[in-house]
Amino acid sequence: MRRKDREITDIHKIEKILSSAKYLHLGVLDDEYPYVVPLHYGYQINGGKLTFYVHSAKVRHKLDCIRKNNSVFVEIDYGEKLIEADVPCKYGAEYASVMCRGKAKILQNAADKCAALRILMREQTGEEHEINEKMVNAVCVIEINVDSYTAKACVK
């Protein structure tokens, strides 16, 4: 990370960013070009290990990309606010962000899919939802196991 003065290493502050944002940008490899799509998500941190859960229709371009190469990049940000200045080059933005490298896995087991969707719905709605096998059979659920991440913020 170039700007060490903006780096966040405190897991509680990182979790605050994750819980404040409502969607992530998932980057996958699409042969010659990257493909990035915004998605609602859920996450969990267990023993310092970060995992994201997203869902998708069963037939989607991102699924084809993941099947070809499961290496992914996740970017999450929130709180962007313009910082004005007297000189154009001194303008900036307040923000907080988390960037992650990891491996995506399309879940197959109905119980795993139910658990993942409960996490996703709790994060998105703040409520517990009962998810059943009929519901999960209608969608694909992707688990993203994060290998490494960085976080930073610029607050004035």
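**Exercise 1. Decide whether C65 is buried or exposed, then find its disulfide status.**

Step 1. In this predicted model, C65 has a relative accessible area of 2%. Buried means under 20%, so C65 is buried.

Step 2. Search the whole structure for disulfides: the count is zero.

Step 3. Check C65 itself. The nearest cysteine sulfur belongs to C140 and is 14 Å away. A disulfide needs two cysteine sulfur atoms within 2.5 Å, so C65 is in no disulfide.

**Exercise 2. Repeat the analysis for C100.**

Step 1. The nearest cysteine sulfur is that of C65, 19 Å away. C100 is in no disulfide either.

Step 2. The relative accessible area of C100 is 2%. C100 is therefore buried.

**Exercise 3. Give the strand order of the sheet and name its edges.**

Step 1. Seven strands make up an open sheet. Read across, the order is β2-β1-β5-β6-β7-β4-β3, with antiparallel pairing.

Step 2. Look for strands that pair on one side only: these are β2 (33-40) and β3 (42-46), the edge strands.

Step 3. Add the twist. From one strand to the next, it averages 30°.

Step 4. Zoom in on one edge. β3 runs antiparallel to β4 (residues 49-56), and five bridges join them. I45 has L50 in β4 as its bridge partner.

**Exercise 4. Place helices α1 and α2 relative to the strands.**

Step 1. Helix α1 (residues 11-20) packs on the sheet. It touches β3, β4, β5 (71-83), β6 (92-106) and β7 (140-154). Its direction makes about 165° with that of β3.

Step 2. Helix α2 (residues 61-68) lies across β1 (23-30), β2, β4, β6 and β7. Helix α2 runs at about 55° to β1.

Terms used:
Residues numbered from 1 in each chain as written. Predicted model: local features only at pLDDT ≥ 70, side-chain atom pairs only at ≥ 80, totals over all residues. Heavy atoms only, no water. Pairing = 2+ DSSP bridges. Helix = DSSP H or I, 4+ residues; strand = E, 2+ residues; numbered from the N terminus. Axes fitted to C-alpha atoms, helices over the stretch in contact; angles between N-to-C directions. Contact = heavy atoms within 4.5 Å. Buried < 20%, exposed > 50% of the residue type's maximum accessible area, 1.4 Å probe, protein only.
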